[in-house]
Amino acid sequence: MALLRRDSQVTRQLLRLVLLHTAWEVGSGQVRYSVPEESKHGTFVGRLAQDLGLEVAELVSRMFRMVSKRRRDYFEVNLQNGVLFVNSRVDREELCGQSPLCAIDLEVIVDNPLRIFHVEVEIQDINDNAPVFPVHELQLFISESRLPGSRFPLEGSSDADIGTNSLLTYKLSANEYFTLDVQMRNDHNKLAALVLKKALDREENPVHIALLTVTDGGKPELTGTVQLVITVLDANDNAPVFNQSVYEVTVLENTANGTLVIKLNATDLDEGNNKNISYLFGNFVPPIVRAAFNLNSNTGEIRVKGDLDYEHVHLYDIQVEARDKGHQPMTGQCSVLLHVLDMNDNAPELAVTSLALPVREDAPPGTVVALVSVSDRDSGDNGKVTCSIPPNLPFQLVSTFKNYHSLVLAEAVDRERVSEYKILV
């Protein structure tokens, strides 16, 4: 019994293979059509029944049906006239991506007798996709130290279309500093790069804006854009600058230690460490300056450190440098002329350089008794000296030259009446 069942199954399989082989032989012909993507519903594709050699009047009776290998029914057949038409929107890029050949395979089946036909509908590309960049704004960072001729590759755009519709042309907006260089790669794609044509200066223009436009080769052509924001990175190309080349200040002698004399200020057009400044005395500043003053390297403040004495030094010429903290430091210089003002801190000093003693009582008036010299280490009015002696004495003080005075006999003297005079000058 089992043997008879197996024989029956084998017989049915052989019969099915014979029928399929017959249908393939009869319907092995293939019909090809083409239609642009995005065609509207109802768009004519081809006279399918006529091209397959079928009678339109028999399509219903022979159970005409069409099967697509795609899940969607992109095409339908009008059983009244045998015309193949577009049933739903076809997006070539969604269907086939960047493949150069895109087609939808259909199988047409009729009964009585059973026949199978293969139909291929090629989907033609139209220029329905504009070129696009991966971003709307592209940030570039370029050091101002880069030399003209330097290249900076740009990320290219893409176009979902194929063929001529995807041939791209790049254009850069008018720009004083950059030009565009486009080269063809081995894969026939274009590589765009910015080329620096003029040296950058961050202090003059820290940011450059340019528009990169790409155009495809379709008709009509479509375009895409990306804004290039080029930030110029700082290089240490500016030295610190003082707001004056020479500063003049005054300070009283004997000023207390720690007293602020002047606060210097220098600026640097660079940024970051390139603009951070340290202040220091110049290499040729003498030891007397370093002994008398302190310079704060961070603030630029000069303060009194030692004793100031006008009579010892009344003018200090201080050379100060401002040095930035860049990789290769740059410096600026200034001079501080510091005038020490005199104070009346010195008493006059007197010296008797000659004495003609004792004085004879018969000495005539005008006889020089002594020569007195007076000095004062101070200056100006503080150094001017007035000399005097008490009144009602037979002597007088006569100025002879600058701070030299003569003590002379003003009238006759009488030893028997006064034998000695004590004179306070």
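Let's start on the surface, where Leu252, Leu341 and Met343 make a nonpolar patch of about 230 Å². Keep in mind that what you're looking at is a predicted model. Take Met343 from that patch: you'll find this residue in the loop between strand 23 (331–341) and strand 24 (349–355). Its relative accessible area is 33%, and because buried means under 20% and exposed means over 50%, Met343 counts as partly exposed.

Now follow strand 23 into its sheet. Four strands come together here in an open sheet, and the order across it is 16-23-22-19, with mixed pairing. At the edges sit strand 16 (246–252) and strand 19 (277–281), each of which pairs on one side only. Neighbouring strands in this sheet are turned against each other by 30 degrees on average, if you ignore direction.

What holds such strands side by side? Strands of a sheet pair through backbone hydrogen bonds, and they can do that either parallel or antiparallel. For a close look, try strand 19 and strand 22 (residues 315–324): these two pair in the antiparallel sense, over five bridges. If you'd like one pair to find on screen, go to Tyr279, whose bridge partner in strand 22 is Ala322.

Finally, let's step back to the record. An unreviewed UniProt entry carries the annotation "domain: Cadherin" for residues 34–133, 142–242, 243–350 and 351–425. In the model, the span 243–350 is 6% helix and 44% strand, and its end C-alpha atoms lie 49 Å apart. For residues 351–425 the figures are 0% helix and 35% strand, with the end C-alpha atoms 10 Å apart.

Conventions: Residues numbered from 1 in each chain as written. Predicted model: local features only at pLDDT ≥ 70, side-chain atom pairs only at ≥ 80, totals over all residues. Heavy atoms only, no water. Pairing = 2+ DSSP bridges. Axes fitted to C-alpha atoms, helices over the stretch in contact; angles between N-to-C directions. Patch = residues over 30% accessible without salt bridge, like charges linked within 9 Å, V, L, I, M, F, W, Y side chains within 5 Å. Areas by Shrake-Rupley, 256 points an atom, 1.4 Å probe, with all protein chains shown as cover. Salt bridge = Lys/Arg side-chain N within 4 Å of Asp/Glu carboxyl O. Buried < 20%, exposed > 50% of the residue type's maximum accessible area, 1.4 Å probe, protein only. UniProt positions renumbered as here; feature names shortened; annotations may be inferred.
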